[in-house]
Amino acid sequence: MNIQVFWGCFIPSRFPWLEKSIRQVLDALGISFAENNRFTCCPEPQLKNLDEENWFLTAGRNLAVAEELQMDILTPCNGCFETLKSVKILMRERDDINRKVNEALSTLQPSLSFRNTIDVFHLAEFFWRIKERIKDKISKPLEGLKVAVHYGCHLIRPSREIQIDNPFEPRILDELVNLLGAESVQYTDKLLCCGGSYERAGNKEASLTTIHRKIQHMHEAGAEVILVSCPNCYSQFEYEQLALERQDYTFNLPVFFITDLIGMALGLEPSDLGMDYHVIDVHPALKSMKKIMITREEIHDDFDIDEIEKCIKCSACVDDCPPTKLELLDPPALLEKVISGRLDEVLEDPTLWNCLDCYTCLEMCPDGVGFVTHLKKLRNMAAERGFTTDGFSRQEKAFKRLLKVVPDSKSKRKRLGLPDLKPAHAEDLKEKIEETE
Ligand code: SF4
Ligand code: SF4
Ligand code: SF4
């Protein structure tokens, strides 16, 4: 596919680090593109509310000068995408609009017209179309990273013109996130607009309230980063988070552009992706990601990941597990955390010790595994790190000291006329156990 990038105004002028990120990723994917110095602002979709005639003329001109290169347009901005794609589709489907725009174009230059022979793609849509190529180039899957996807209105609506995804159940960004090994978390108000236009309408408070509501839900869903594919949305989440901080609402949810996430999965350094320039510091999230990745590599030595994954998916015996019925234990959730690299969290979780060793799960398991097998290993690891309950710890101490878990009750035995208990002759075992301490 021959493409020319339509950068729009926001990215090159206000957020050049996003431009850097996009260039790096396209380069890493081996995608070359042309640039067109005749492009102007798209113009911004909101401008059609002020002067629709010039909005059509400017968009038509951008399409016409792009068509002269006979290359499709690729844009990393939802606003540019909506404008250019809508005008393209309207000119194709409405003779009156087509005629009017082309007549206006001829007043700029007699030969200038748009014949609808090129297409317009959003960067996210483009990546989704080449997902197999991306998949082949992933060198550092982002396993365990929980991502809250924000689509942004103009990537999916108005769907009659945009035509890339379901306007109410979009999936392309979620699929890309999952393809990279991360997890797209579902949260309330996922399709709510970022509220960017409220500020233009003079309603700063509504803009803040909207972003607060969205970020709160993302946070509650366990998201570690926000993913956007639009510089306007990016700006909203970055700067309104700062404004929320000034009101004592601190979330510190870093905002990743789509190419930041893809770039990291391709093995590019965050600094090469311009991520040091982000407003909300990305480094704490990157640090915990790194830790999770290292832990994930390590857990391969201790656990059969395939078996754990099978267990999580199956969960057939979970309703028969007594502590789970009492909501004292959630084996699939614990195992989910293990494979996503949150082993430390699991080992410190006291509910781990609520497994009764009743073996119901083992008996029910068609594969003879049982949650208990995994939980036993986890409790061993937790105990090694000193995380047990008082009860388990008392028993362990007694065993190591006496080679039995309950002390003798001499008086009871005496009253019953039973002889005193003698310590077991097991010095060899005692010595061995002491050695391992
Ligand atoms: S979410 Fe906001 S900034 Fe993003 S596309 Fe929609 S209106 Fe524009
Ligand atoms: S052994 Fe543990 S995990 Fe298995 S059913 Fe019993 S309590 Fe639940
Ligand atoms: S222990 Fe066996 S039955 Fe229970 S969830 Fe795992 S695989 Fe399924």
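**View 1. Two cavities of 30 Å³ or more are counted in this predicted model.** A cavity is a set of points, on a 1 Å grid over the protein atoms alone, where a 1.4 Å probe fits but cannot get out. Grid points are joined across faces, edges and corners, and a volume is the space filled by probe spheres set on the points. Lining residues have an atom within 4 Å of a point. This is a predicted model: local features need pLDDT of at least 70, side-chain atom pairs count only at pLDDT 80 or more, and totals for chains, interfaces and linings use all residues. Residues are numbered from 1 along each chain as its sequence is written, chains are lettered from A and ligands numbered from 1 in the order in which they are written, and side-chain values use heavy atoms, with hydrogens and water left out.

**View 2. The largest cavity has a volume of about 90 Å³.** Its lining holds 13 residues. C321, L329, C355, C358 and C361 lie nearest the centre. Helix α21 gives the largest share of this lining, three residues. (Helices are DSSP runs of H or I, at least four residues; strands are runs of E, at least two; both are numbered from the N terminus.) What classes make up the lining of the largest cavity? Twelve residues are nonpolar, none is polar and one is charged. Here Ala, Val, Leu, Ile, Met, Phe, Trp, Tyr, Cys and Pro count as nonpolar, Asp, Glu, Lys and Arg as charged, and the others, Gly among them, as polar.

**View 3. Ligand 2 sits in the largest cavity.** To sit there, more than half of a molecule's atoms must lie within 2 Å of the cavity's grid points. Among the residues around ligand 2 are C321, C355, C358 and C361. A residue counts as near if one of its heavy atoms lies within 4 Å of the molecule. Helices α20 (360–364) and α21 (371–384) each supply at least two residues of this shell. The largest share, three residues, comes from α21. The shell divides into ten nonpolar, one polar and one charged residue.

**View 4. Ligand 3 has C311, C314, C317 and C365 among the residues around it.** S315, A316, P366, G370 and F371 are there too. Seven residues of this shell are nonpolar, two are polar and none is charged. F371 is also listed around ligand 2.

**View 5. The residues around ligand 1 include H150, H154, C193 and C230.** Helices α8 (153–156) and α13 (231–246) give two or more residues to this shell. Five residues are nonpolar, five are polar and none is charged.

**View 6. The second largest cavity has a volume of about 30 Å³.** Its lining includes H150, G152, C153 and C193. These four residues also appear around ligand 1. The lining divides into six nonpolar, two polar and two charged residues.

**View 7. The largest pocket holds about 510 Å³ of space.** A pocket is an open set of points with protein on both sides within 12 Å along at least five of seven lines. The largest pocket is lined by 18 residues. K140, L286, M289, K290 and M293 lie nearest its centre. Helix α15 (residues 283–302) gives the largest share of the lining, eight residues. By class, nine lining residues are nonpolar, three are polar and six are charged.

**View 8. K146 and E183 meet in a salt bridge through their side chains (2.9 Å, N to O).** K146 lies in strand β5 (residues 146–149) and E183 in strand β6 (residues 183–184), so the pair ties together parts 37 residues apart in sequence. A salt bridge needs a side-chain nitrogen of Lys or Arg within 4 Å of a carboxyl oxygen of Asp or Glu. The structure holds 23 salt bridges.
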